[in-house]
Amino acid sequence: MKGLSPTNKPIFSSRRGWAFCLLLWCMAMPICAQNDPTQVMLADPYILVEDGTYYAYGTHSADGIECYTSHDLRNWTFRGLALHKDNTTESRWFWAPEVYHFGKKYYMYYSGNEHLYVAVADSPLGPFRQHGGRMMANTLGDQFCIDSSICFDDEGSPWMFFVRNDDGNCIWQVKLESDYMTPIPSTLQKCIAVSAEWEDIWPRVNEGPNVVKHRGMYYLTYSANSYESPDYAVGYATSRSITGPWVKYEGNPILRRAGGLVGTGHHSLFKDRKGRLRIVFHSHFSTQQIHNRRMFIGSAKFRGKRLQINDKSFIRPALVE
């Protein structure tokens with residue numbers, strides 16, 4: 001589960017604590033310098049590239065889904081709530097949105113109160129309005145479902161990858177009708193579950209799926225361990241078919257405790273305006289504090305059949321007026 005972002009509280013309140021914090025700052029400036037209050041605070045981030053503009057969405061507000069825009073991936077402007085809870089049937093826990101442009105409409109797939117929904121708008125800025133009820137109601141009833149992501153097969157049919165609780169959080173998939181909204185129950189199947197030692201630190205979690213295709217191979221990237229764990233990390237599995245079977249990469253994880261950050265996970269892959277493959281992900285606020293989680297952007301590349309993340313430097317998106 002993703003959790004909300006409570007108001008930040010100071011880690012040190014006493015004079016002795018403040019002096020100790022100052023000492024840490026002097027000794028480890030690169031780490032403390034990351035706690036920039038102007039940085040974009042988004043968890044479970046997703047970036048849509050549309051007409052030369054980057055749109056970022058993620059988990060943060062208790063009232064819905066926030067949107068930020070940028071032209072360079074570094075400087076971002078807050079554009080308000082793309083989805084407000086008043087335009088939904090839920091009132092809490094708005095998590096892990098992804099936005100796609102299909103035809104003349106924009107579709108936002110998101111979790112509300114631990115169930116999956118889709119909302120539609122005429123603009124990537126919104127206002128998005130929930131369309132229909134719970135997406136999986138006719139397939140899974142009232143079961144826990146979060147973290148939806150869309151990928152198309154070779155025939156152009158949409159598939160939704162998502163998280164269901166079954167021996168821990170596991171990744172499942174289901175084909176959607178041509179309306180991009182209606183699951184086809186007969187296509188429901190399990191993709192991956194916790195199976196590697198690095199994934200089983202605490203608790204049993206495979207979540208945050210994001211699927212891309214490269215040279216005939218599907219790459220199902222995901223996060224493992226609790227989002228509260230400093231070892232929240234990213235791995236991937238591959239398949240020649242969008243329906244699997246999925247084989248996890250033996251070199252996983254490909255992103256963990258990188259660049260002095262902890263809790264690095266729940267990501268999405270996208271191509272920037274120059275066609276370069278990028279990854280956007282969140283980290284904990286600091287090594288001592290989980291919330292508010294911060295958005296980072298890195299570079300990714302395929303080397304042969306392997307997917308690699310450049311963890312030498314990350315963009316720290318900053319808010320501008």
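**Exercise 1. Which residue in β10 stands opposite isoleucine 146?**

Solution. The model is predicted, so local features need pLDDT of at least 70 and side-chain atom pairs count only at pLDDT 80 or more, while totals for chains, interfaces and linings use all residues. Residues are numbered from 1 along each chain as its sequence is written, and side-chain values use heavy atoms, with hydrogens and water left out.

Step 1. Find the strands, which are DSSP runs (E, at least two residues) numbered from the N terminus; helices are runs of H or I with at least four residues. Strand β9 covers residues 145–152 and runs antiparallel to β10, joined to it by 6 bridges. Two strands count as paired if DSSP finds at least two bridges between them.

Step 2. Read off the partner: valine 163 in β10 stands opposite isoleucine 146. Another pair between strands is phenylalanine 152 with its bridge partner in β10, proline 158.

Step 3. Check the connection. β9 and β10 form a hairpin with 5 residues between them. In that turn, glycine 156 has a positive phi of about 85°.

**Exercise 2. Follow the chain from β10 into β11, and place both strands in their sheet.**

Solution. Step 1. β10 and strand β11 (residues 169–175) are antiparallel and share 7 bridges. Methionine 160 has valine 174 in β11 as its bridge partner.

Step 2. This hairpin has 3 residues between its strands, and aspartate 167 in the turn has a positive phi of about 60°.

Step 3. The open sheet has 4 strands in the order β9-β10-β11-β12, with antiparallel pairing. β9 and β12 (189–192) are at the edges with a single partner strand each, so one side of each has no neighbour in the sheet. From one strand to the next, the twist averages 35°; the axes are lines fitted to C-alpha atoms (for helices, over the stretch in contact), and angles run from 0 to 180 degrees between N-to-C directions.

**Exercise 3. Describe the surroundings of methionine 160.**

Solution. Step 1. Look at the strand: in β10 (residues 158–165), 7 of 8 residues are buried. Buried means under 20% relative accessible area, exposed over 50%, and partly exposed in between, with a 1.4 Å probe and protein chains only.

Step 2. List contacts (heavy atoms within 4.5 Å). Beyond its neighbours within four places in sequence, methionine 160 touches residues including Leu116, Met135, Met136, Ile150, Trp172 and Val174.

Step 3. Turn to the nonpolar cores, which are sets of buried Ala, Val, Leu, Ile, Met, Phe, Trp, Tyr and Cys residues joined through side-chain atoms within 4.5 Å. The largest has 36 residues, and Met160 and Phe162 are among those with the most contacts inside it. Strand β7 (residues 115–121) gives the most to this core, with 6 residues. A separate core of 21 residues includes Ile146, Ile171, Ile192 and Tyr218.

**Exercise 4. What is the strand order in the open sheet of 5 strands?**

Solution. Step 1. The order is β1-β2-β3-β4-β21, and the pairing is mixed.

Step 2. Identify the edges: β1 (43–50) and β21 (318–319) each pair on one side only.

Step 3. Strand β4 (residues 75–84) pairs with β21 in the parallel sense over 2 bridges. Here tryptophan 76 stands opposite leucine 319 in β21.
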